[in-house]
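Here's a quick briefing to read alongside the picture. Take a look at the chain first, then work through the points below.

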Amino acid sequence: MFVFDSVCTHFIGTQQAITYQRKQEAQIIYQATHDLLTGSPNEVLFQETVHEALIVDGGRGVLAALSLDLVLQAYPER
């Protein structure tokens, strides 16, 4: 708040704890990038990691990646 001679006499602010929100965001990101049953990284995380590596590589062509897509079938074909 300013008085007539442009001197600040009061300051009003707000404060909010965001620790809970940050924990929730981290949990959502983990659930989106990991298998919920095994906790192992999923294809989304693999794609993000490869994309980031390509950006860091800068087109030098020194990146190699191996992707194994393992699908377990409850009822194998006969």
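## Around His34

Leaving out neighbours within four places in sequence, His34 is in contact (heavy atoms within 4.5 Å) with Gly39, Ser40, Pro41, Asn42 and Leu45. This is a predicted model, where local features need pLDDT of at least 70, side-chain atom pairs count only at pLDDT 80 or more, and totals for chains, interfaces and linings use all residues. Residues are numbered from 1 along each chain as its sequence is written, and side-chain values use heavy atoms, with hydrogens and water left out.

**Where His34 sits**
- You'll find His34 in the loop between helix H1 (19-33) and helix H2 (43-57).
- His34 is buried because its relative accessible area is 16%, and buried means under 20%, exposed over 50% and partly exposed in between (1.4 Å probe, protein chains only).

**The whole chain**
- The chain has 2 helices and 0 strands; these are DSSP runs numbered from the N terminus (helices are H or I, at least four residues; strands are E, at least two).
- Just 4% of the chain's 78 residues count as buried.
- About 7,900 Å² of the chain is exposed, with 60% of that supplied by carbon and sulfur atoms (Shrake-Rupley method, 1.4 Å probe; for residues, only the protein chains shown count as cover).

**Helix H2 and its ends**
- With 15 residues at 1.5 Å a residue, H2 should span 21 Å, and its end C-alpha atoms are indeed 21 Å apart; the expected span is 1.5 Å times one less than the number of residues.
- At the start of H2, a side-chain oxygen of Asn42 comes to within 3.1 Å of the backbone nitrogen of Val44.
- Right after H2 comes Gly58, with a positive phi near 70°.

**Ala65, after H2**
- Ala65 lies in the segment after H2, and it counts as exposed because its relative accessibility is 54%.
- Not counting residues up to four places away in sequence, Ala65 touches Phe46 and Val50.
- Ala65 and Phe46 are 19 residues apart along the chain, and their C-alpha atoms are separated by 9.6 Å.

**A salt bridge in H1**
- The structure holds 1 salt bridge, meaning a side-chain nitrogen of Lys or Arg within 4 Å of a carboxyl oxygen of Asp or Glu.
- The side chains that meet there belong to Glu25 and Arg22, at 3.2 Å from N to O.
- Glu25 and Arg22 are separated by about one helical turn, because they are 3 residues apart in helix H1.
- An α-helix has 3.6 residues a turn, so residues three or four places apart point the same way.
- Glu25 counts as partly exposed at 32% relative accessibility, and Arg22 counts as partly exposed at 46%.

Notes
Polar contact = N/O pair within 3.5 Å; in protein donor to acceptor, adjacent residues only side chain to side chain.
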